[in-house]
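Please open the structure in your viewer and keep the sequence panel beside it. The tour below proceeds by selections, and at each stop it says what to select and what is there.

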Amino acid sequence: MPTEVLFDNGLHKCFLLEDFGHGQMVQANQYVIVHDGAGMILDPGGHKVYNKALSETTGLLKGGKLTTIFFSHQDPDIIAAANGWLMTTDAQAYISALWVRFVPHFGLDRLVLDRLHPIPDQGMRYDLAGCQLIFVPAHFMHSPGNFHVYDPESKIYFSGDLGASLGMDYREVTDFDQHLQYMEGFHRRYMASRKVMRAWAEMARTLDIEMIAPQHGAYFKGKALVNQFINWCADLECGVDFMPEAFQIPG
């Protein structure tokens, strides 16, 4: 699917990049936020998509500069090509403080290590050329050191693995109940617990969100679908809620 403009008011733009994945790789979304010529790529992905994602991002910047790379967590579909992005740009990269010392295992060159910055557990505000983005704490959804990005200009909430769906052939959710079959199993296994999901839902309800854009699969657009998703999260049993049954010695 081609690159899609999710928001554009002239000064501020948000893009969902073309789907460059193929083969056995799990489908993954890359997003780019551009504000007044400064760009941020979110969860840029691994080596197989690196060249195409970099080329597409450069084109979208239209002479602007990629200043920021955001990693929601430490998984390879998020960060495997971190070295390439840091070696070919001057961007500053951000990831949970929990993972800063693990990222060099992906082959991060010592010359770029000082441009990998920790996000504190409580999250932070981030100034993208005058746009105040929020790195929102989302720990244990599914990584223990995990962050989302809320963009108050577009009112898009970039939710990482939360909201992920796999196996459908559309980008935008239009029927929540019909869509459940593509995301329910993922959330029951990859999210830590209902306690965490409920805490996130309570926090998310304090934000003015028009779109939830996950790292895998289709996005939720419009307050009705956004609220439906948040309410579903608040009541979902998942992760360790089921673990006592799973811990048995294989026969």
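The stops that follow take in a strand and its partners, a helix, a loop residue and a cavity.

Before selecting anything, bear in mind that this is a predicted model, with residues numbered from 1 along each chain as its sequence is written.

**Strand β6 and its partners**

Begin by selecting residues 92-96, which form strand β6, and show the rest of the structure around them; four of these five residues are buried, so the strand is largely enclosed by the rest of the structure. Next add residues 65-70, strand β5, which pairs with β6 in the parallel sense over three bridges, and look for Phe-70, which stands opposite Tyr-94 in β6. Then add residues 116-119, strand β7, which runs parallel to β6 and is joined to it by four bridges; here Pro-118 in β7 is the bridge partner of Ile-95.

**Helix α6**

Now select residues 223-234, the twelve residues of helix α6, and follow the helix from its first C-alpha to its last, a reach of 16 Å that is close to the 16 Å expected at 1.5 Å a residue. Which residues of α6 are buried? Colour Leu-225, Val-226, Phe-229, Ile-230, Trp-232, Cys-233 and Ala-234, since these are the buried ones. To see what covers them, bring in the surrounding elements, which include β12 (172-173), α4 (176-190), α5 (194-204), β13 and β14 (219-221).

**Gln-30 in its loop**

Move next to Gln-30, which you will find in the loop between β2 (12-16) and β3 (31-35). Is this residue, Gln-30, buried or exposed? Gln-30 counts as buried because its relative accessibility is 3%, where the cut-off for buried is under 20%. Leaving aside residues up to four places away in sequence, display the residues that Gln-30 touches, among them Phe-15, Phe-20, Leu-42, Asp-43, Pro-44 and Val-49.

**The cavity**

Keep Leu-42 and Asp-43 selected and add Phe-158, Ser-159 and Gly-160, for these five lie nearest the centre of the largest cavity, whose lining has 15 residues. The count comes to one cavity of 30 Å³ or more, and the largest cavity holds about 70 Å³ of space. To see which strands contribute, select β10 (147-151), β11 (156-160) and β13 (211-214), each of which supplies at least two residues of the lining. If you finally colour the lining by class, it has eight nonpolar, six polar and one charged residues.

Conventions:
Predicted model: local features only at pLDDT ≥ 70, side-chain atom pairs only at ≥ 80, totals over all residues. Heavy atoms only, no water. 1 Å grid on protein atoms, 1.4 Å probe; cavity = no way out; pocket = protein on both sides within 12 Å on 5 of 7 lines; lining within 4 Å. Points joined across faces, edges and corners; volume = space filled by probe spheres on them. Nonpolar A, V, L, I, M, F, W, Y, C, P; charged D, E, K, R; others polar. Buried < 20%, exposed > 50% of the residue type's maximum accessible area, 1.4 Å probe, protein only. Pairing = 2+ DSSP bridges. Expected span 1.5 Å × (residues − 1). Contact = heavy atoms within 4.5 Å.
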